[in-house]
Amino acid sequence: MMHPLKGVIFSLRDVLVRERLDMEALDGVVRLMKFLLSKGIQPVLVANTRWHFAKDKQPFEKYLSEKVGCELPFFVGGR
């Protein structure tokens with residue numbers, strides 16, 4: 001018997017953000033996260049450090065949560 005998928009882990013470094021933020025790729029990730037949520041699967045963000053946008057210092061997880069439309073769990077390694 002297979003168990004249903006409950007969550008999907010998204011890493012920030014070299015997955016969602018490479019050298020800089022690729023807005024086209026980010027739009028695809030946002031669509032994927034919305035789809036997962038519609039199926040009852042929780043997207044989770046992980047990173048080794050906190051990420052902020054340089055201009056307004058907004059935390060990356062807050063920005064992404066606003067794009068997706070709900071608060072996404074965010075875990076920082078070693079904390």
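Is Pro-73 buried, partly exposed or exposed, and at what relative accessibility? The last of these legends gives the answer. Welcome to a short tour of a predicted model, told as a set of close-up views.

**View 1. The whole protein chain brings together 2 helices and 3 strands.** Reading from the N terminus on, you meet the elements in the order β-α-β-α-β. The C-alpha trace spans about 45 × 30 × 20 Å along its principal axes. Of the 79 residues in the protein chain, 32% are buried. Contacts that reach far along the sequence are well represented here: among contacts between residues at least 6 apart, 73% join residues at least 24 apart.

**View 2. An open sheet of 3 strands is laid out in the order 1-2-3.** The pairing in this sheet is parallel. Strand 1 (7-11) and strand 3 (74-76) are the edge strands, and each of them pairs on one side only. On average, and with direction ignored, neighbouring strands of the sheet are turned by 25° against each other. Look next at the pair formed by strand 1 and strand 2 (residues 42-47), which run parallel and are joined by 5 bridges. Within this pair, Gly-7 stands opposite Gln-42 in strand 2.

**View 3. Helix 1 (residues 23-38) and helix 2 cross at roughly 65°.** Two packed helices are described by the angle between their axes and the distance between the axes. For this pair, the axes come within 9 Å, and the crossing is right-handed. On the helix 1 side, the residues that meet helix 2 are Met-23, Leu-26, Val-30, Met-33, Lys-34 and Leu-37. Their partners in helix 2 are Phe-60, Tyr-63, Leu-64, Lys-67 and Val-68. Sorted by class, this contact has 9 nonpolar and 2 charged residues, with no polar ones.

**View 4. Leu-37 belongs to helix 1 and has contacts well beyond its own helix.** Leaving aside neighbours within four places in sequence, Leu-37 is in contact with Gln-42, Pro-43, Val-68 and Cys-70. Leu-37 counts as partly exposed because its relative accessibility is 26%, which lies between the 20% limit for buried and the 50% limit for exposed. For a sense of scale, try finding Arg-18 as well: Leu-37 and Arg-18 are 19 residues apart in sequence, and their C-alpha atoms are 25 Å apart in space.

**View 5. Helix 2 has several buried residues, and other elements help to cover them.** The buried residues of this helix are Phe-60, Glu-61, Tyr-63, Leu-64, Ser-65 and Val-68. What covers them includes helix 1, strand 2 and strand 3. Just after helix 2 comes Gly-69, which takes a positive phi of about 100°.

**View 6. Glu-61, in helix 2 (residues 60-68), shares a polar contact with Arg-50.** The side chains of Glu-61 and Arg-50 are joined at 3.0 Å. Why does Glu-61 count as buried? Glu-61 has a relative accessible area of 14%, and buried means under 20%, so this charged residue meets the cut-off. Not counting residues up to four places away in sequence, Glu-61 touches Leu-45, Arg-50, Trp-51 and Phe-74.

**View 7. Ser-65 also has its place in helix 2 and is in contact with residues that follow the helix.** With its neighbours within four places in sequence left aside, Ser-65 is in contact with Cys-70, Glu-71 and Leu-72. Ser-65 is buried, with a relative accessible area of 10%.

**View 8. Pro-73 is found in the loop between helix 2 and strand 3.** Here is the reply to the opening question: Pro-73 counts as partly exposed, at 26% relative accessibility. Not counting residues up to four places away in sequence, Pro-73 touches Gln-42, Pro-43, Val-44 and Leu-45. Strand 2 covers residues 42-47, so these four contacts of Pro-73 fall within that strand. Pro-73 and Tyr-63 are 10 residues apart in sequence and 13 Å apart in space, taken from C-alpha to C-alpha.

Technical notes
Residues are numbered from 1 along each chain as its sequence is written. This is a predicted model: local features need pLDDT of at least 70, side-chain atom pairs count only at pLDDT 80 or more; totals for chains, interfaces and linings use all residues. Side-chain values use heavy atoms; hydrogens and water are left out. Buried means under 20% relative accessible area, exposed over 50%, partly exposed in between (1.4 Å probe, protein chains only). A polar contact is a pair of N or O atoms within 3.5 Å; within protein, one must be able to donate a hydrogen and the other to accept it, and residues adjacent in sequence count only if both atoms are side-chain atoms. Contact means heavy atoms within 4.5 Å. Two strands pair if DSSP finds at least two bridges between them. Axes are lines fitted to C-alpha atoms, for helices over the stretch in contact, and angles run from 0 to 180 degrees between N-to-C directions. A crossing is left-handed if the near helix is turned anticlockwise from the far one by less than a right angle, and right-handed if clockwise.
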